[in-house]
Each structure stands twice: as C-alpha cells, then as structure tokens.
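Visitor: Before I trust any label in a model, I like to hear how it was earned. Could you take the terms one at a time and set each value against its definition?

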Amino acid sequence: MMLDARVVRTEEAPLRIVIGAPANGAALKDVVLEHLRADSRVESVTDLSTADITYPDVSFRAAHAIADGTADRAILICGTGIGTAIPASKVPGVRAATAHDLVTVRGAVENYDAQILCMGQNVIAPVAACALVDVWLDARHDPASAYGAKLAEIAAYETGQESR
C-alpha cells in the first residue's frame, strides 16, 4: 500500500483548497471561489484557472497539488463535472468525484475519501453549488470505516501491489 505523504489535518484545521475551471466552468467557479474566500473553514484558496486553460490541464494541476501536499482539497468545475474528474483521477493517490446532490457530495468524502469535488456549471445552480460546498467542507473520511479496506485495495492496485 502506498504511504500517504500528505500532512494529516484535524477537523478543526482550516483547509488549503485549490480551485480551477476551463472557460466552460468559469462563471460557477467564480461564484464558488468567492464563497470559499469568505469561509472560516478555509485557510487559503488558490485559483489555478487561466483564460485558455483546458479541462485536462487544470485537472492535472489540481490533482498534483493534492498529491504533493500543497493543498488538502480541490474543486474543479467544467460543463458537467465529468470532464474534470477523469484526468484528475489519473494522478496516483488522488480521487476526484463528480457530485451534484447531498448524497453524492457526502459520500464522495465520507466513503471514498475523494479529495477533489467536481461539479458542472451546466448542471447545478450557483446557490445549490455553494450549499453543497458547505457540506463538502464539513465532511471527513473515517479510515476505520468499512470503506477503509476498499480504499486500501484501490491503492494497492494503483501501485501494482494487488493480487490478481
């Protein structure tokens, strides 16, 4: 199993978050960014977006920030949330989940320890996205839960240590 080099943070510690979006996601990203900047649960928020960034590029950048420990979590926004989740999940040790409702947002973190929340500006209204970000900020994964062993199985596969 791959060792997690990220700093373990307590529930009370504010989160370091990166956020990003290609052009088809920029409007919702700007709303969520301002929401995060006003939140006491957030220590810092860094916008990785540029006018011409592609969804794979911003996704890889966010995932690497998680993998190298410079960020605790990330939010990626594109048209549907699916396009950003795919490349972000290609970075070893990083899990990205597309979520647009309470069940999937909570489950993404609590069950699957997804560090990256992906949403689509063509799918969710800004007020709903901000409400779900609030739930996401409070959610924590318990490695002792029934999902802990399953995540270890995924990590073993990712590092080539799985039994086939």
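Contacts, fold and confidence

Visitor: Which share of the contacts in the protein with a separation of 6 or more comes from residues 24 or more positions apart?

Guide: Those residues account for 72% of such contacts in the protein, where a contact means heavy atoms within 4.5 Å. This is a predicted model, in which local features need pLDDT of at least 70 and side-chain atom pairs count only at pLDDT 80 or more, while totals for chains, interfaces and linings use all residues. Residues are numbered from 1 along each chain as its sequence is written, and side-chain values use heavy atoms, with hydrogens and water left out.

Visitor: What is the average pLDDT of the protein, and where does pLDDT stay under 50?

Guide: The average is 89, and 90% of the residues score at least 70, on a scale of the predictor's confidence in each residue that runs from 0 to 100. Residues 1–10 are the stretch where pLDDT stays under 50, and for that stretch the model has 16 contacts beyond four places in sequence.

Visitor: How many helices and strands does the protein have, and what pattern does it follow along the sequence?

Guide: There are six helices and five strands, counted as DSSP runs numbered from the N terminus, with helices being H or I over at least four residues and strands E over at least two. Read along the sequence, they give β-α-β-α-β-α-β-α-β-α-α.

Visitor: What makes the protein as compact as a globular protein of that length?

Guide: The radius of gyration is 15 Å, close to the 15 Å that the globule rule gives for 164 residues, so the protein is as compact as a globular protein of that length. The radius is taken over C-alpha atoms, and the rule is 2.2 Å times the number of residues to the power 0.38. Along the principal axes, the C-alpha atoms fill a box of roughly 45 × 30 × 25 Å.

Buried and partly exposed residues

Visitor: Why is L28 called buried?

Guide: The relative accessible area of L28 is 3%, and buried means under 20%, exposed over 50% and partly exposed in between (1.4 Å probe, protein chains only), so L28 is buried. L28 lies in helix α1 (residues 26–37), and beyond its neighbours within four places in sequence it is in contact with I77, G120, Q121, I124, P126 and A129. L28 and C130 are 102 residues apart in sequence, yet their C-alpha atoms are 9.5 Å apart.

Visitor: How do you know that A96 is buried?

Guide: A96 has a relative accessible area of 18%, which falls under the cut-off, so the label buried holds. A96 is found in strand β4 (residues 96–98), and its contacts, leaving aside neighbours within four places in sequence, are A85, A88, S89, I116 and C118.

Visitor: What makes L137 and I17 buried?

Guide: The relative accessible area is 0% for L137 and 1% for I17, so both of them count as buried. L137 sits in helix α5 (residues 126–138), whereas I17 lies in strand β1 (residues 15–20). Not counting residues up to four places away in sequence, L137 touches L15, I17, L36, D39, R41, V42 and R73. With the corresponding neighbours within four places left aside, I17 is in contact with residues including L36, V42, R73, W136 and L137.

Visitor: Why is D113 called partly exposed?

Guide: D113 has a relative accessible area of 21%, a value between the two cut-offs, so D113 is partly exposed. The residue is placed in the loop between α4 (102–110) and β5 (116–120), and its phi is near 50°, a positive value in a residue other than glycine.

Visitor: Which percentage of the 164 residues is buried?

Guide: Buried residues make up 45% of the 164 residues in the protein.
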